Amino acid sequence: MSYNFNEIEKKWQTKWQEEKLFSVEVDQNKPKFYVLDMFPYPSGAGLHVGHPLGYIASDIYSRYKRLKGFNVLHPMGYDAFGLPAEQYAIQTGQHPATTTERNINRYREQMDRLGFSFDWDREVRTCDPDYYHWTQWMFLELFKHWFNNKTQKAETIDSLIALIEKEGNKNIEATCNVKTPEISADDWAKMTEEEKQNFLQNYRLAYQDETFVNWCPKLGTVLANDEVKEGLSVRGGHPVEQKKMKQWLLRVSAYSQRLLDGLDTIDWTESLKEIQRNWIGRSEGATVYFPIENHSERLEIFTTRPDTLFGASFMVLAPEHEWVEKITTPEQKNVVEDYIFQTKKKTERDRISDVKNVTGAFTGAYCLHPFTGKQIPIWVGDYVLSGYGTGAIMAVPGHDQRDYDFAKQFNLPIIEVVAGGNLEEEAYAAKDGKLINSDFMNGLRVPEAIKKTNEELEKQQKGSPKINFRLRDAIFSRQRYWGEPIPIYYKNGIPYPLPEDQLPLELPKVNSYLPTEEGEAPLGRAKDWKYSSEEHYELTTMPGFAGSSAYYLRYMDSKNNNELVSKEKNEYWENVDLYVGGSEHAVGHLIYSRFFNKFLFDIGKVCKDEPFKKLINQGMIQGRSNFVYRKKGTNTFVSYNLKKDHDVTPIHVDVNIVHNDHLDLEAFKNWREEYKDAQFILEEDGHYLCGNTIEKMSKSLFNVVNPDKIVEDYGADTLRLYEMFLGPIEQSKPWNTSGIEGVSRFLHKVWRFCFDENNQLVLTDEEPNPTELKILHTAIKKVEEAIETFSLNIGVSSLMICLNDLTKENCKKKPIIRPFLTLLSSFAPHLSEEIWQRLGEKESVCFSTFPSWEQKYLVENTYTYPISINGKKKFLKEISLDLNKEEIEKVALEDEKTQSFLQGKQIKKIIVVPKRIVNIVI
C-alpha cells in the first residue's frame, strides 16, 4: 500500500480536534512559551499558498517547543472588522456580519486542512461584542487618563484635576495640546462643567480635536495613510482629499520616548527597529520665535539646526496652518486660496515623497529675524506638514536640499552660513564645519554654534532648546458602520464616557450602510440609538487597528467576562515570546500595540512593558505568472518560441490550466467565453508553450495557487515542507508547483522506509551501530539549530540528507526511526503521527521529547580513504583514525575489493599517507 496522505491527514486532524490536543491552561509546573501569528482579515478570496507561510513557520516552532517541554500557547483568531465587508454590504445590502461569518468559516476550513496546532478554544473575532467589549473598555481607560511627563507614565484624570484645583496648570508637566491655556486654581473654580470638560480634552489620552484627515467623499469615510496611494483610495481608486474634521484621537505621542527606549530591550531585527525609530523620529533642536510684521503673533518654529539661524532667508507654513488665512495679504489671497485647494488633493504621504515637483505660494506677509530684525518673507509650501513640529519652518536653503530646491524655484536668496559646500550645485547639509556670515557665531564649529545659539535664544527669551518627535497622535474615528462603536455619549454637546456596566455598546441595525443625507456617519441611521432621550451616542466607529492592538492579551484569558485578562493568567503568560507576521505592519500595528501595552502596564493591568519579545517578519511567496500570446486583431494564440515571427500581445493566463508551462488547450477554451473558438500555433512537438515571469501573487494576474488543490494532490505535510524548503523564511521567493514533486517524493520515501508493499512495518529492535548514530545525531544537531535560528529550509534539507544516509546504510531500526520521527513531526505532523502510532506508541508524537544530540557520536573516528592502484582510485573505504600506517596498510590489503583488483599480482610497494590516501603499486 502506498502512502495515502489524504486518509492519514483527515484521520489525525479529526483526532487532534476531538481530543483538543493543543488546548492549554496555566501550568505552573512547566515553563511557558507564547507563539503568536498576526491574525488574518478574513477576505472573501480565502487563503492562497502565500498566506500560510508564516503560520507554517510558527507552527513548526510551536511543535518544537512542546517537544522541548514547554507549555505552548499558540492561538488564532480573526481581525474581522474591515472596509471590504462594508463595501460589499453597501453594494448588496447584506449585513457585513453575514459576509464575515461566511469568510471566517472558509478560512477555518482551509487552516484545519494544514494541520496547525492552534488552540482554537481561545479563538477571538474582533467583531464579536464579547471581544470588543474590552476594546471599548481600553478606550474609556484612555479617556480617563493623562500622561505625566515628570513620572513618565499615565495617571488618572482625577489626579490631574486635584493638581489644577490646588495650583492651576502652570507647573504641570504633561503631554497636552500645544494651545492649552495657562489657568490658575481660581480660573478652574469659576469654570462651568462644560468648560471644565472642554479644558480636560487638552490632556486626555483619548480626546477630541479638529485635525486634517484623508477624506474620501465616495466612500464617505476617513482613511488611514496606508489606505491611500497617489491621492486615491486603495479600495476602489476613489479621489481622496485633505479635510479638517472633528475627530477622536489617541495621544500616542505621549509615549514617544518610551517607545524609542523600549526598542533596546526586544529581540527584533535592527532594520525593523530602525523603521520604528524613524517613524518615532526623535530630534534635538530648538524652538525659535519670529515676530510677524504688523501682527501681534509670533511665528514659532522648531529646528534641529539652530546654528543656521542666520541662513534663514524665508519661512514656509504648511497649507493647513491656522495663521495662513490671517496673515495673507489681500493681493495674495486668491493665489494662496487656489494653492491650498490644490494641496487638499494630496495626502501627507504624497507630499513627503514628491520631491520633484516644487510648489508654493507667497502670502505677502513678513516676519522679523529674532537677532537681526531683518524682514523674512513668509510662504506656503506643501512640503511642510502641519502635524510635525509647529507646521512652520525657517527655510535655510544653503544647508537643506528641499529648501534649496524651493529657493531655486522661486528665486529666493541662498545664504551660506557653514563653509565647505558648493551652493551653485546643491545645498551643503554637512553637520560639521565652521560658521560664516553668522554674527556672534562666526568661526565656531557646528556643535559649538548650536550650544551658543541656544544660550543666546534663552538669554534674549527668543527661544529655547527642545526635543521633538515625528510620531503623531493617532486618529481614532472612522465614518463607517462596520467597526467598534465608540463608547461615548453627548450631553449638551460635551462627550462623556459610557458607564462600564453598559459595555459592550453593540452595533445597532441600520437600513443602509451609507452616510446619512445630512452627512452623518452610517450609525446616524439607527433608530432610537441614544443614551437617553436628550443624549445621543457617538456616531463614528473605531479604526481598523483598534481591535488588533491588544488581541494578544485577550488570547491569554479569552473567556473572562470580568476583565481583559486576569492577573494570574497575565503573570503566567506575561507577553508574546515569538511574534510572526508580515513586514507591512512594521509601523502602524506594532507602534499602536506597543502604545496600548505600555498604557495598560502603567495602570497595572499587565505585568510587562513590551508586548512582543521576538519578532520574525516572513517574506512573501511570489506568484509565477504564465502568458499566452495573441496575434493582434485575431483570436489566434502563438506558442512562446514562435512569437518572434508574429505581432502578438501577451495576456496573463490562469496558472491552474498550465502544467510545466504547457497550456491545457481545452481548459483554455473553457476558461472564458471569448476564447471558446481560439486557434493555436503550436510548437513542433504539438504543445503550446506559455511564457512566464515572477510577480506578486494576485487574482488580477491569474497566478493565485489555491492551497486546497495542493493539499488534495500532494497532502498538507508536503505543502508545509515545500513552503519551508523554498528558502529562508524572511526572504521573498517564487512559487513553482512543479518544484513540489521533490518534497512529495521525500515523504513517500519516509513511508517506504518504514513499510513494505503490503503496508507491514519492516523496522527492527536492533541496536544502532556508530555510523547510524552519527547520521542521527548529526541530523538532531542540524535540525535543532535550524529551528532555533528559523533557518527552516536547512531543517528540511537536513531531514532529507539523514533519510538518504540511513537508506544507504539500510538502517531499519526503531531506535533510530523514533527520534527521526520526532524531528520530522514539527514539519510533517500527520505522517509522523501515523508511523509513530504504528510503532506502538500510545501518546501523540507531538508530546514526545525532542532528542538530544551527543558530541561523542559526532566526533570523526574514521576517515574515508581513496584506495588507489598504480595511482588510479578504485574505491573508498572507511578506516579507523586510531590505526597506524602498518595497520591501515593491512586493513586496505585485506579488503575483498582490493583482492579482486590485484588478482594475485605482485605488490611492489604500498604508499600510505594518513588521512589522505592509500596507493598500491603493482
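**Strands, helices and cavities in a predicted model**

Q: What makes strand 22 and strand 24 count as paired strands?
A: Six bridges join strand 22 (residues 621-631) to strand 24 (residues 648-653), and the two run antiparallel. A strand is a DSSP run of E with at least two residues, numbered from the N terminus, and a helix is a run of H or I with at least four. Two strands pair if DSSP finds at least two bridges between them, so six bridges satisfy the rule. Within this pair, Y629 has P650 in strand 24 as its bridge partner.

Q: What should be known about the model before reading further?
A: The model is predicted, so local features need pLDDT of at least 70 and side-chain atom pairs count only at pLDDT 80 or more, whereas totals for chains, interfaces and linings use all residues. Residues are numbered from 1 along each chain as its sequence is written, and side-chain values use heavy atoms, with hydrogens and water left out.

Q: How do you know which way strand 22 runs relative to strand 28 and strand 29?
A: Strand 22 and strand 28 (residues 691-695) pair in the antiparallel sense over five bridges, and F627 has G691 as its bridge partner there. With strand 29 (residues 733-734), by contrast, strand 22 runs parallel over two bridges, and Q622 stands opposite P734.

Q: What joins strand 22 to strand 23, and which residue takes a positive phi in their hairpin?
A: Two bridges pair strand 22 with strand 23 (residues 636-638) in the antiparallel sense, R630 being partnered by F637. Four residues lie between the strands of this hairpin, where G633 takes a positive phi near 80 degrees.

Q: What makes strand 6 and strand 17 edge strands?
A: The open sheet of four strands has the order 6-5-9-17, with antiparallel pairing. Strand 6 (221-223) and strand 17 (474-475) each pair on one side only. Strand 17 is joined to strand 9 (residues 241-250) by two bridges, and L250 has A474 as its bridge partner.

Q: Why are helix 1 and helix 26 called roughly perpendicular?
A: The axes of helix 1 (residues 5-19) and helix 26 (residues 829-838) come within 9 Å and cross at roughly 85 degrees. Axes are lines fitted to C-alpha atoms over the stretch in contact, with angles from 0 to 180 degrees between N-to-C directions. Angles from 65 to 115 degrees count as roughly perpendicular, under 35 as roughly parallel, over 145 as roughly antiparallel and the rest as oblique. The two helices are therefore roughly perpendicular to each other.

Q: Which residues make the contact of helix 1 with helix 26?
A: I8, E9, K11, W12, Q13 and W16 in helix 1 meet P829, H830, E833, E834 and Q837 in helix 26, where contact means heavy atoms within 4.5 Å. These residues divide into four nonpolar, three polar and four charged (Ala, Val, Leu, Ile, Met, Phe, Trp, Tyr, Cys and Pro are nonpolar, Asp, Glu, Lys and Arg charged, and the others, Gly among them, polar).

Q: What makes a space in the structure a cavity?
A: On a 1 Å grid over the protein atoms alone, a cavity is a set of points where a 1.4 Å probe fits but cannot get out, and lining residues have an atom within 4 Å of a point. The structure holds three cavities of 30 Å³ or more. The largest has a volume of about 60 Å³, and its lining has four nonpolar, five polar and three charged residues. The second largest holds about 40 Å³ of space, and helix 3 (residues 83-92) gives the largest share of its lining, four residues.

Methods:
On a 1 Å grid over the protein atoms alone, a cavity is a set of points where a 1.4 Å probe fits but cannot get out, and a pocket is an open set with protein on both sides within 12 Å along at least five of seven lines; lining residues have an atom within 4 Å of a point. Grid points are joined across faces, edges and corners, and a volume is the space filled by probe spheres set on the points.
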